[in-house]
Each structure stands twice: as structure tokens, then as C-alpha cells.
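These are my notebook entries on a structure I examined on screen. I recorded each item as I looked it up.

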Amino acid sequence: MNIIDRRLNPKGKSLPNRQRLLRRLKAEVQEAVAQSIAGRRITEVDSRKPVPVPVHGIAEPSFRKGNDGRRDFVLPGNRKFVKGDIIPKPPGGEGGSAGEAADSGDGEDDFTFSLSREEFLDIFFDDMELPDMVKRRLKETNAAQPARAGYSIAGSPQALDVLRTMRNGLARRLALRRPRQSDMDDLLRRLDEAEASGEGATVSRLTEEMETLRRRLRLIPWIDPVDIRYRRFEYRPVPIAQAVMFCLMDVSGSMNEHMKDLAKRFFMLLYLFLTRRYRAVDIVFIRHTHEAQEVDEDTFFHSRETGGTVVSTALDEMNGIIARRYPPDSWNIYVAQASDGDNMASDRGRVETAMTENALPACQYFAYLEVDDPPRDSWDGRHFKSELWRTYEKLLLPGVPLALRRATSPGQIFGVLHDLFARERAD
Amino acid sequence: MSLLYQGSEWNFDTLKRVYDTVEEIALGELGLEVYPTQIEVITAEQMLDAYASVGLPLMYRHWSFGKHFVRNEALYRTGQQGLAYEIVINSDPCICYVMEENSMTMQALVIAHAAFGHNHFFRNNQVFRQWTDAKGILDYLAFARDFVARCEERHGIEAVERVLDAAHALQTQGVNRYARRPKRSLVEELARKDERRSYVEAMWNPLWTTVPGRDRKADPKTPEAPQADLEGQRQIELPEENLLYFFEKHSPSLAGWQREILRIVRVMSQYFYPQRQTKVMNEGCATYVHYRIMTRLHELGRISDGAYLEFLHSHTSVISQPDFNSPRYSGINPYALGFAMMQDIERICSEPTAEDRAWFPDIAGNGRPMATLREVWAEFRDESFILQFLSPKVIRDFRLMHLTDEADLPHLEVTAIHDEQGYRAIRAALAAEYECARLDPEIQVVAVDLPGDRRLTLEHRIHDGRRLDPATRDRTLAYVRALWDYPVSLKETDARTGTILPNGETDLD
């Protein structure tokens with residue numbers, strides 16, 4: 001009898017099975033995730049709690065007998081029935097408790113299971129990417145890949161190059177004339193012959209020769225430390241793409257709570273997406289009323305300030321930052337702007353200039369999200385074109401990396417984000 | 001005699017001491033015969049992992065195991081389901097998992113139950129001896145896991161998953177219920193052919209050529225094609241009820257690795273088939289053994305009164321049988337029924353009543369209860385065991401009744417209760433409930449249109465009027481179609497008359 005303590009064995013043996021299950025459920029989980037994001041408060045989106053997802057239809061079918069025909073049951077604990085008693089079937093068609101007993105295990109697989117936050121976000125941002133990320137160059141050395149670089153005489157055992165080592169050994173043995181086994185055998189045979197025929201002189205000569213060979217064999221090893229070679233690796237920096245995302249949010253007085261919530265949701269998701277998918281993406285937060293300022297992430301999401309609306313200030317601020325810190329020839333620049341679309345009519349010209357002359361040529365992609373109140377019935381979904389929308393619409397020419405979207409309810413935010421940053425399929 | 005342990009904490013020393021004492025009783029007094037044991041201590045989380053891979057220590061990877069894990073974990077975390085105290089594997093050496101959370105008394109109970117009760121049953125029962133290879137199973141599992149993993153690397157997870165899904169769907173149709181005829185070697189085959197030919201030559205009598213009759217060669221209407229067809233059918237040995245075996249050997253489109261995967265699933269299915277057939281006996285045997293051993297330990301003064309009470313508490317909850325109208329009822333508890341029947345056999349052997357003498361003349365009062373039980377454990381499976389040994393006393397104690405449910409009647413009928421007229425009917429009906437061959441639909445490959453479009457025909461022979469559940473039938477048939485890669489159809493026929501039932505044909509082209 002052996003007793004083995006397995007408690008320290010690695011846990012999570014069924015993790016690969018879970019991954020396979022998730023992959024199989026991808027479509028359903030994605031839908032559930034999109035629904036769940038719509039109903040959650042904005043702070044919850046980034047919370048670290050697991051996310052429950054109801055799952056249907058991962059049944060494992062097999063040939064089973066149905067419930068028709070004649071079935072027999074033997075049940076324990078009969079207190080009152082005698083032979084020939086008739087028991088009406090309970091409504092619902094099933095044979096009551098008896099039916100349940102016989103069918104246990106056949107039920108459809110309907111259960112809720114919780115995604116961890118990591119899994120949730122993975123699914124959430126699956127097939128999204130920053131478009132057109134083409135400007136690559138060597139940056140700091142934190143991205144490096146090992147590359148073969150010849151051989152070295154020192155290294156770790158797993159880098160031992162057996163072929164090269166054996167080849168060196170062979171060359172050395174040949175050069176130093178290490179006796180081969182066949183030479184030894186040959187000499188031994190001749191020695192035996194000489195001994196048999198009694199030629200004393202030959203015997204002593206051969207014995208001496210034998211002694212020399214033996215000494216050589218001892219002194220010249222089969223593999224010597226000088227033969228050993230290791231594969232050598234060098235770490236070479238690889239070019240990486242640098243990217244910066246400008247988040248421009250309108251916080252002016254015309255944005256009501258609902259619109260601000262939508263805009264913040266949008267940026268929260270965008271921020272999650274970027275931090276999760278791209279380690280090397282800089283994010284610049286700019287908020288504006290009638291004047292723009294660059295703020296940190298916390299202020300951007302949580303401060304409550306208000307004022308008038310001059311959109312061009314934000315664009316100018318952004319263009320200034322680009323000029324100072326992010327030269328467009330080596331940075332992939334992305335812009336996401338959220339606004340209710342109100343702008344001073346007098347500002348239109350400056351917006352157009354800022355866009356056409358600086359922003360659009362510099363950036364890879366400019367996504368504009370217009371947030372609005374939910375459409376009222378009498379409007380029957382018609383879209384009243386805002387000032388800013390009309391301005392941007394004129395810029396919307398082929399080849400211009402500009403996209404305009406509208407959202408009126410939290411449920412649409414994920415769809416819009418996904419739409420804006422969906423990975424373009426090859427097919 | 002001193003106590004083996006005190007308190008509820010366990011450590012490896014006490015575990016070893018208890019094992020040795022239990023072994024003395026089990027082998028010496030009860031005369032059990034077991035594989036060497038390997039006890040492995042695991043955590044609750046690892047127990048959940050083991051649950052997910054159908055209780056086996058190694059398993060290939062598949063999403064369905066992930067699904068079972070998630071379900072069990074949810075039930076466990078919300079407190080709706082406890083975990084088993086142990087899992088035991090039919091292997092040589094016999095592996096018993098015990099949980100670290102168990103108290104020492106529970107560990108003793110588990111050792112007696114699994115390491116001796118189940119172990120003895122695995123080693124001696126006829127069904128296990130015939131169908132499972134305890135020595136090879138762990139190696140085979142390692143092979144299966146690695147093979148499937150290699151296939152996933154080479155052919156992609158999806159491709160492997162498609163084969164595994166289909167194979168899992170046909171798992172219950174993937175067992176051999178009867179031993180196959182051993183395959184003849186080529187030499188034997190040739191000798192047989194020679195023997196036949198010489199017999200025909202020896203029996204040739206020119207007189208027969210003069211009998212007037214149809215000249216087969218001259219008759220243009222003799223159908224040649226069916227002849228060839230029959231020959232083909234004979235070569236692939238139809239009918240065949242082991243569908244996985246059939247596809248593994250004869251599917252026209254599967255690649256070698258796909259056939260090997262079918263084989264792996266089939267081997268696993270066959271490995272578990274004896275366990276499906278012996279639930280009541282296996283648990284009854286193990287429960288009886290642990291009860292005897294723990295009681296003996298207490299009699300000998302090796303465990304304290306407190307420990308014995310703790311044992312009795314969990315023992316009685318394991319063997320409780322809720323009544324059919326209780327909300328806790330979920331079928332007949334195999335532990336309860338098995339334990340009651342084992343104790344009953346012991347009673348019949350040592351203190352029979354007049355009724356027992358009439359019902360069990362061959363064992364009543366033979367005075368050798370353990371020898372009788374060992375023989376029973378070796379020779380029977382659930383269905384035959386119940387049919388043979390369910391005594392009127394047990395039927396009375398359980399207050400069993402027999403109900404019949406005709407689908408087209410609005411009511412159920414009580415056809416037998418625990419009285420003189422009902423015993424035999426109840427016994428037969430209960431035995432039938434444990435017959436796997438009756439629970440699973442009887443489905444066979446009956447024809448393959450070899451000269452035509454290779455259509456595969458499955459036949460479901462119906463004995464009790466119960467047809468296949470249409471929803472799962474169609475989805476499973478789609479898997480059959482995927483494995484065969486040519487049109488398939490399923491006929492549902494009445495086993496007695498052989499006629500096809502109305503709407504009994506499903507085609508998938």
C-alpha cells in the first residue's frame with residue numbers, strides 16, 4: 001500500500017477544458033456580454049468581479065428513448081396503494097415524480113456560469129483592433145527577440161549543439177590520431193599470431209606498440225571539453241509600432257447627464273480596450289468646454305466641470321500636443337471624439353481648418369461619436385443633424401480616415417465601439 | 001487493544017495504522033481478495049477536477065468535461081451538492097482518492113469502503129474480469145490523452161472536437177455486449193476453405209446433375225447484383241450493434257487518426273460499461289464491507305465510541321431511502337438497496353425463516369454467509385442479482401410497488417405491491433430497470449448500399465413501444481452522418497413484427 005500526497009499537484013487541471021468550452025460558446029457568450037454591458041453601471045464595467053453569463057444549448061445529444069409507449073416503475077415507500085389502484089397523471093404530461101426519476105440526467109443544459117474578468121474582457125474585445133497601424137520603428141529596447149548568433153564555448157545544457165560538438169570531437173580525434181578500436185583488434189590479433197609462432201622479437205615489438213596505443217587511447221578522450229559548443233542567441237530589438245490615442249470629450253453645459261454618461265461609457269470601454277490589447281499605446285485625455293485642457297485619466301472620467309462649447313479649442317490643443325510630443329512621422333495617431341454636436345456657429349471655420357490642415361493628415365483614424373437623448377416618439381427616429389455633424393460630414397471624402405457614429409442609449413455603446421474598431425476581415 | 005487514533009485529525013501515520021488494521025480484518029475475517037492499493041490524498045478542488053474527467057486521473061481534453069466541471073463547481077459552491085468522500089478507480093494498483101477535509105473516522109470509512117469493498121468487487125466480479133483490463137487502463141489513459149493532444153496540434157482543435165463530439169454522442173452504442181468470436185488466422189481461414197471444398201468434392205454426386213430444374217446460368221433473370229451486395233454485407237459483418245466499432249472499421253472517409261479517436265472513445269465506453277451494470281452490487285458490496293469492518297473495529301476496541309457514532313451517522317445518511325412522494329426522492333438509492341440485500345443474504349444464510357427456505361432453498365441456513373456473499377459478488381450483475389436475490393423481506397422493508405405508465409392512458413396503474421402475489425412481479429420489474437440493454441435503445445447497422453450510393457441504414461428495434469426522442473434523435477443522426485460521410489437513414493421497427501412504425505423513417509442525405 002502506498003499513500004501519496006497529491007495536494008501539492010498543480011491545480012486547475014480542467015482549465016484547458018474550460019477554454020474549449022468557452023471557444024465553443026463564443027457567439028453566445030459574446031451576445032450575453034454585450035447585453036450585460038448595457039445594463040451595468042459605468043463603474044462596474046471595470047470592476048474585478050466575475051461576470052455571470054447564462055448559457056443555453058450545449059447539449060450532448062445521444063440516442064435516447066422518448067416518453068411514449070409503456071413504462072414500468074418500481075417505487076419505494078408505498079403506504080396506501082393496493083394492486084389495481086388507478087392514479088391520475090399529474091398535469092403536464094409527465095408521469096409525476098416517477099417520470100422525473102426515470103428522466104433524470106436528460107434535462108436540457110441550462111445553467112449560468114461565471115466568466116472571470118480576464119475572460120470577459122477577452123471576449124469583449126475579441127476581433128477589435130486599431131486600424132492602419134503601419135508606422136513602425138525601433139523604439140526602446142524593451143521589445144527584443146532572441147535570434148541565433150553562431151556558437152559559443154559556454155552556455156546552458158539545453159543549448160548544447162550536439163552536431164557541432166561531435167564534429168569537433170571527430171576532427172580532434174583524427175588530428176591527434178586517436179587509435180581506433182579496429183587498430184587495437186588488428187594489433188592484438190597479430191600479437192596472438194606472433195606468440196603462437198614463437199617469434200620473440202616481433203612479440204616484444206608488438207607489445208611495445210600496443211602499450212603506446214593504449215597510452216594514446218587514455219590520453220586522447222573521445223569528447224574533450226574543448227569540443228563542446230553551445231548555440232548562441234542574441235537579443236535583437238524588434239521594431240514596434242508606437243501609437244497614441246487622443247480622447248476628446250465635450251463636457252460643456254449642453255451635454256446633459258445622459259449624454260455625459262454615454263460619452264464616459266464610450267471612453268471607458270475604449271480605454272479598457274486599449275490598455276488591454278496594446279501595451280505600448282499612449283493615451284491623451286482632453287476635455288473641453290469653451291476652452292480645452294489636457295487632463296489625467298481620473299479627472300477625465302470623474303470630474304464635473306461645465307461651461308460653453310468651442311470645439312476648435314480641443315482640436316487646437318490636440319494639434320499642439322502632436323506637434324510637441326508625437327511627431328506624425330513616427331507615431332500612429334488615433335483620435336476619438338465624443339460630443340453632443342453643439343458648437344458655436346462662428347467656430348465652424350476654425351474647426352474645418354484644424355481638421356483638414358492638421359488633425360486629419362496627421363492621424364490614422366478619427367472616430368467621432370455623437371451622443372444624444374433617446375429619440376422621442378414624434379421624432380420617429382429622424383436624425384436632426386447637429387452643427388458639428390454637418391461640419392464633419394463635409395469632410396467625409398473617400399480616403400479620409402474619418403468615421404461618424406451616433407448613440408442614444410447605453411445599449412448601443414458597445415455596438416458603436418465595436419463597429420468603429422472592428423478588425424477588417426481578409427475575406 | 002488500544003485505540004488506533006483519537007480525535008478527528010488525521011496524519012499519514014494514523015492513515016497507515018488504520019489501513020493495516022482494516023486490511024487484517026478484510027483479508028483475514030472477511031476473506032476479501034484485492035488489488036494492491038494506492039491511496040492518494042487530494043483537495044476539494046482536485047476532487048472537482050476529477051469529477052470533470054469522469055473520475056479518471058488522466059483524460060483527454062474536451063469541452064464537455066469543462067461543462068461538467070462548471071456545473072459541479074456551481075452546485076458545490078452554492079451548497080446544493082456535497083462532494084464524494086472518495087473516488088476509486090478500477091485499476092491495478094487500485095487508486096483511491098481521499099479528500100484532505102475528511103476527519104480520521106471518515107478516512108477509515110473510506111479506506112474500508114473503497115480500498116477494500118470496491119477493490120474486491122473490481123478484482124473478482126465476472127463482468128469486470130471479462131471486460132476491463134485493470135493493469136493496462138492507466139497506461140491506456142496516458143496514451144489516449146497524449147494521442148488526442150497530438151492530433152489537436154497537428155489537425156487543429158476544431159477537427160478533433162468534431163470527431164470527439166460525434167463519438168461521444170454514440171458512446172452508449174459503442175460497447176460490445178457479447179464477446180466477439182476470435183478472429184481466425186489466415187492459416188485457419190485457408191484450412192477451413194480447403195475443408196469445405198474437399199467436403200463438397202467428396203459429396204459430389206453426378207446423380208444430382210440429372211435432376212431437372214432451372215438452369216441458373218441460362219436464366220437471364222437471375223439477379224446478380226443482390227448476390228454481390230450480400231457478399232459485401234457479409235464481409236463487413238452486418239448487422240452490427242457497436243456503431244463506434246463499425247465506423248472505426250468501415251467508414252469510407254475517416255482518416256487514420258480519426259479512427260483511432262473513435263477507438264479511444266469506444267475503449268473508454270467499454271471500460272465503464274461494467275460499472276453501469278453493477279451500480280447496486282458494487283455499492284452494496286462496498287457498503288456492506290465498510291459496515292462490517294467499522295463495526296469490527298469498534299468491537300475490538302480500536303476506535304472510540306465517538307468515532308463509531310460519527311461513522312454511524314454518515315453510514316445511515318448514505319443508506320437512507322426517501323419515499324417516492326418525498327421531495328428528496330430521486331430514484332432508488334443503490335447504496336440502500338445494495339446494503340439491504342447484502343445484509344439480507346447474510347441473514348438468510350445464518351437465520352433463515354420458513355419463507356426464506358421456500359424462496360432460497362440453496363442458500364438458506366447454509367451457515368456460510370461470507371462465502372455466499374463472495375460468490376454472489378463474483379458471479380452476478382445488478383439485473384441478475386436482483387432477479388435472483390431480492391427477497392420478500394426486502395420488498396416489504398422498502399414497501400416497493402410496481403406502477404405501469406401507458407403513454408396514451410390518462411392514469412398510472414398500480415400493478416403490484418409488496419404482497420404475496422406481487423413479490424415476483426416487483427422483483428422482475430426492478431431487475432429490468434437495471435438492465436442496460438433494455439434502458440438503451442437497441443440500434444444496429446443493418447445495411448449498407450455498397451453497389452449503390454453507400455447509404456447506411458440504422459435500425460432501432462422497439463420492444464416496449466418507446467420510440468426515440470425526436471429532438472436528440474435528429475441531432476445524433478447528424479453526427480452519424482458526419483462519421484459515415486454518405487447518406488444515412490434510421491428505421492424504427494417493431495421488434496416483434498419487424499414492420500416499420502408510422503413515420504418511422506428518418507433520412508439524412
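**Entry 1: Aromatic pairs**

I began with A:Phe366, which counts as buried because its relative accessibility is 0%. I note at the outset that the model is predicted.

I then searched the whole structure for aromatic pairs and found 26 over all chains. In one of them, the ring centres of A:Phe366 and A:Tyr392 are 5.8 Å apart and the planes stand at 80°, so I recorded the pair as edge-to-face. The two residues belong to distant parts of the chain: A:Phe366 is in strand E14 (residues 365–371) of chain A and A:Tyr392 in helix H13 (residues 387–395) of chain A, 26 residues apart. A:Tyr392 also counts as buried, because its relative accessibility is 0%.

I looked next at B:Tyr19 and B:Phe116, whose ring centres are 5.3 Å apart with planes at 35°, so this pair is tilted. B:Tyr19 lies in helix H1 (residues 12–29) of chain B and B:Phe116 in helix H4 (residues 104–124) of chain B, so the pair ties together parts that are 97 residues apart in sequence. I found both B:Tyr19 and B:Phe116 to be buried.

Returning to chain A, I noted a cluster in which ring pairs link A:Phe366, A:Tyr368, A:Trp389 and A:Tyr392.

**Entry 2: Charges over rings**

I found A:Arg148 over the face of A:Phe233, 5.9 Å from the ring centre. In chain B, the charged end of B:Arg424 sits over the ring of B:Trp359, at 4.3 Å from its centre.

**Entry 3: Salt bridges**

Side chains of opposite charge can pair when their charged atoms come close. How many salt bridges are there over all chains? My search of the whole structure gave 46.

I examined A:Asp316 and A:Arg350, which form a salt bridge with their closest N and O atoms 3.0 Å apart. A:Asp316 lies in helix H11 (residues 311–325) of chain A and A:Arg350 in helix H12 (residues 348–362) of chain A, so the pair ties together parts 34 residues apart in sequence. A:Asp316 counts as partly exposed at 32% relative accessibility, and A:Arg350 counts as partly exposed at 47%.

In chain B, I looked up the salt bridge between the side chains of B:Arg296 and B:Glu29, at 2.7 Å from N to O. This pair links distant parts of the chain, with B:Arg296 in helix H12 (residues 279–299) of chain B and B:Glu29 in helix H1 of chain B, 267 residues apart.

I also recorded a network of salt bridges that links A:Asp186, A:Arg189, A:Arg190 and A:Glu193.

**Entry 4: A surface patch**

On the surface I found a nonpolar patch formed by A:Leu160, A:Val162, A:Met166 and A:Trp222, with about 370 Å² of accessible area together. I placed A:Leu160 in the loop between strand E7 (144–152) and helix H6 (162–175) of chain A. At 32% relative accessibility, A:Leu160 counts as partly exposed.

**Entry 5: Chain B as a whole**

I counted 21 helices and 9 strands in chain B. Of its 509 residues, 51% count as buried. The C-alpha atoms of chain B fill a box of roughly 95 × 65 × 55 Å along the principal axes.

Lastly, I located B:Glu237 in the loop between helix H9 (225–235) and helix H10 (243–250) of chain B. B:Glu237 is 210 residues from B:Ala447 in sequence, yet their C-alpha atoms are 10.0 Å apart in space.

How values were computed: Residues numbered from 1 in each chain as written. Chains lettered and ligands numbered in written order. Predicted model: local features only at pLDDT ≥ 70, side-chain atom pairs only at ≥ 80, totals over all residues. Heavy atoms only, no water. Phe/Tyr/Trp six-rings, centres within 6.5 Å; stacked < 30°, edge-to-face > 60°. Helix = DSSP H or I, 4+ residues; strand = E, 2+ residues; numbered from the N terminus. Buried < 20%, exposed > 50% of the residue type's maximum accessible area, 1.4 Å probe, protein only. Lys NZ or Arg CZ within 6 Å of the ring centre and 35° of its normal. Patch = residues over 30% accessible without salt bridge, like charges linked within 9 Å, V, L, I, M, F, W, Y side chains within 5 Å. Areas by Shrake-Rupley, 256 points an atom, 1.4 Å probe, with all protein chains shown as cover. Salt bridge = Lys/Arg side-chain N within 4 Å of Asp/Glu carboxyl O.
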